[in-house]
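Trainee: Could you take me through one part of this chain slowly, as you would for someone who works at the bench and wants to follow each step on the screen?

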Amino acid sequence: MLVPAFLVAACSCSVKEDRDRCPCVLALELSDLPVTPVMLKVEVGEFVHTEVVHRDTVVVLQVPKGKAAVSAVGGALPEGNGGVRIPEGEEAPALYLFHADTDLVSEQLVLPVVLHKQFCRLDLVFKGPPGYGPPFEAEVEGFQCGWLSNGTPMPGAFRKRLLPGPDGAAVLRLPRQGDDSLLMHIIFSDKVVRTFALGQYIAAAGYDWSAPDLDDLTLTVDISVTSVTISTDAWTTTEEIELFI
C-alpha cells in the first residue's frame, strides 16, 4: 500500500530545506492480526509513539530519520522495556509478536507488520493401567521466563505444575526457548519420582524453536508401576522409577 499523496505533501520538506533534516513518513501496515488488541510502539532516538490497534489498519506517522525500533505485541501486556515476563507458576500467554530494527533514511517508508506465534501449545496425554495408584502430577521447569522486546527468550525461572484431568489430558503453553534445557518432573504424592530432559527429547524430534511461528506439540506419557514412557511420533524413551504402588 502506498502512502496517501496528501499525507506525503503535508509532511514533506520544501525544495529549499536541508532534506537530511526532513522527517520520514512511516506507514505501518498491520494485516491478518491473529489477536487483538495489539500494542504498537515506534522508537527513534528520543521519539516514542505508542498506540493500541484493534483491527487491521495502516498507521501513518511522521517520525525523525534515524535508527528505528518498531514492535507490536498481542496476547499479553508488555512491560515498560517492551518485554513480556511470565510469573513463576503460570504458563506462557498466547503471545504474538513483531519486531524490526530499521534505518529511516528516506522520506517515505512502508513497513508490513506481521505478528508471529511465540508459544508452543504442549498437549500431554497421560496413560496408565486401571487403578494404578494415587493421583500424580507433572511439573515442567525451564530457564526462559518470557520474551525480550525483540522476541528473543528472556532468561529466568519458568515452572508450571500440571494435574491431568479425568481423561488423562493436560495442556501447557511454553514460551520460545533459547536452548534445550526444559525439564519435566513426574510427581507422586508431592515427591518427584523421575525427571526427564524434556528439552533434549523435543530437540530429538526435530522441533525448531527458532521458527518464526512456533508449532504445537503432543507428548504421550505412559506411566506403569515401575516405569514412565514418553513418546511422540518421532521418538520413545522409557525410564524406570523407584516407586511401588
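Mentor: Let us begin with a single side chain, that of Gln 177, which reaches the backbone oxygen of Pro 175 at 3.0 Å. Please keep in mind throughout that this is a predicted model, and that what follows describes that model alone.

Gln 177 sits in the loop that lies between β13 (169–175) and β14 (183–188). With a relative accessible area of 4%, Gln 177 is buried, because the cut-off for that word is under 20%. If its neighbours within four places in sequence are set aside, the residues in contact with Gln 177 are Gln 144, Pro 153, Leu 182 and Trp 209.

From this loop we can move on to β14. Of the 6 residues of β14, 5 are buried, so the strand is largely enclosed by the rest of the structure. Strand β11, made up of residues 136–147, is joined to β14 by 6 bridges, and the two run antiparallel; within that pairing, Ala 138 has Ile 186 of β14 as its bridge partner. Strand β15, residues 191–196, is likewise antiparallel to β14, and 5 bridges join the two. Here the pair to look for is His 185 and Thr 195, the latter being the bridge partner in β15. The hairpin of β14 and β15 has 2 residues between the strands, and in this hairpin Ser 189 takes a positive phi near 50 degrees.

Thr 195 deserves a closer look of its own. Thr 195 lies in strand β15, and its relative accessibility of 35% makes it partly exposed, because that value falls between the 20% and 50% cut-offs. The side chain of Thr 195 makes a polar contact, at 2.7 Å, with the side chain of His 185, and His 185 is also its bridge partner. Once the neighbours within four places in sequence are left aside, Thr 195 is in contact with Leu 183, Met 184, His 185 and Glu 239. For Leu 183, the C-alpha atom is separated from that of Thr 195 by 6.7 Å, although the two residues are 12 apart along the chain.

For another piece of strand pairing, turn to the open sheet of 3 strands, which has the order β4-β1-β8 and mixed pairing. Its edge strands are β4 (57–63) and β8 (108–113), each of which pairs on one side only. On average, and with direction ignored, neighbouring strands of this sheet are turned by 20 degrees against each other. Strand β1, residues 24–30, pairs with β4 in the antiparallel sense over 7 bridges, and one pair that you can find there is Ala 27 with its bridge partner Val 60 in β4.

Finally, it helps to set these parts against the whole chain. Its secondary structure comes to 2 helices and 18 strands, and 44% of its 245 residues count as buried. Among contacts in the chain with a separation of 6 or more, 64% are accounted for by residues 24 or more positions apart. The chain exposes about 12,500 Å², of which carbon and sulfur atoms supply 53%.

Note on methods. Residues are numbered from 1 along each chain as its sequence is written. This is a predicted model: local features need pLDDT of at least 70, side-chain atom pairs count only at pLDDT 80 or more; totals for chains, interfaces and linings use all residues. Side-chain values use heavy atoms; hydrogens and water are left out. Helices (H or I, at least four residues) and strands (E, at least two) are DSSP runs, numbered from the N terminus. Buried means under 20% relative accessible area, exposed over 50%, partly exposed in between (1.4 Å probe, protein chains only). A polar contact is a pair of N or O atoms within 3.5 Å; within protein, one must be able to donate a hydrogen and the other to accept it, and residues adjacent in sequence count only if both atoms are side-chain atoms. Contact means heavy atoms within 4.5 Å. Accessible areas come from the Shrake-Rupley method with a 1.4 Å probe; for residues, only the protein chains shown count as cover. Two strands pair if DSSP finds at least two bridges between them. Axes are lines fitted to C-alpha atoms, for helices over the stretch in contact, and angles run from 0 to 180 degrees between N-to-C directions.
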